Amino acid sequence: RVNTFSHIDVKIFREVLSIQHIIKKERIQHIIFGHVNFCLTALILRFLFGKEYYLYVHGEEITKNLGGKYYQFFKWNALRYAKGIIAVSDFTKNLVAKYNPHTKIIYNAVDLTKFKPTPKNEALIQKHTLGDKKVLLTISRLEDRKGHDKVIQTLPQIIQREPQVKYLIGGTGQEEQRL
């Protein structure tokens, strides 16, 4: 994991050199980029250093044209030149399969051997006045694109149908105050 978030700017060269150093030092055979935002990094590693890569795609970064025309150019080419694409859903696979036939699905999942229901935490129930309410829970960064505000806007309709619902959000981010 490299602690920079790739955007197309001068930091990209520091990122590429850092990753290339790790690849050599650790003799890494497979590179998997967890987000299409690493598109330029992936392309530079492939064409300058001959490193093949896989690319995870989630959905919104494919359906929306974020980042301008150069970013779009690099994004589509990164998909095209990837050794393989890992999509998180059938929907996302269908979006990217035309760019790369080596697209497979790995659904987001939870390891049920590690995450199991436990006895209710009474302090948490009291803190949020949950009682016997049904809890709708979102855990994520608080970013505009995540749609927390849409859930909040829909809550009156949800509560009308299910009065015992309480919505909790776990996370921090730029949208925290607004939400």
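**Exercise 1.** In this predicted model, work out whether aspartate 144 counts as buried, partly exposed or exposed, then find its salt-bridge partner.

*Solution.* Start with the number: aspartate 144 has 47% relative accessibility. Buried would need under 20% and exposed over 50%, so aspartate 144 counts as partly exposed. Next, look for the partner: the side chain of aspartate 144 meets that of arginine 178 in a salt bridge, at 3.6 Å from N to O. Now place the two residues. Aspartate 144 is in the loop between strand E5 (134-139) and helix H7 (148-161), while arginine 178 lies in the segment after strand E6 (165-170), so the pair ties together parts that are 34 residues apart in sequence.

**Exercise 2.** Follow arginine 178 onward: which glutamate forms a salt bridge with it, and which residues make up the network?

*Solution.* Glutamate 175 is the one to pick, with its closest N and O atoms 2.4 Å apart from arginine 178's. Check its accessibility too: at 12%, glutamate 175 counts as buried. Then put the links together, and you get a salt-bridge network of Asp144, Asp149, Lys150, Glu175 and Arg178.

**Exercise 3.** Test whether the span of helix H4 (residues 68-81) agrees with its number of residues, and say what its buried residues pack against.

*Solution.* H4 has 14 residues, so at 1.5 Å a residue you'd expect 20 Å. The end C-alpha atoms are 20 Å apart, which agrees. As for the buried residues, they include Tyr71, Trp76 and Leu79. The buried residues of H4 pack against helices H2, H3 and H5, plus strands E2 and E3.

Notes: Residues are numbered from 1 along each chain as its sequence is written. This is a predicted model: local features need pLDDT of at least 70, side-chain atom pairs count only at pLDDT 80 or more; totals for chains, interfaces and linings use all residues. Side-chain values use heavy atoms; hydrogens and water are left out. Helices (H or I, at least four residues) and strands (E, at least two) are DSSP runs, numbered from the N terminus. The expected span of a helix is 1.5 Å times one less than its number of residues. Buried means under 20% relative accessible area, exposed over 50%, partly exposed in between (1.4 Å probe, protein chains only). Contact means heavy atoms within 4.5 Å. A salt bridge is a side-chain nitrogen of Lys or Arg within 4 Å of a carboxyl oxygen of Asp or Glu.
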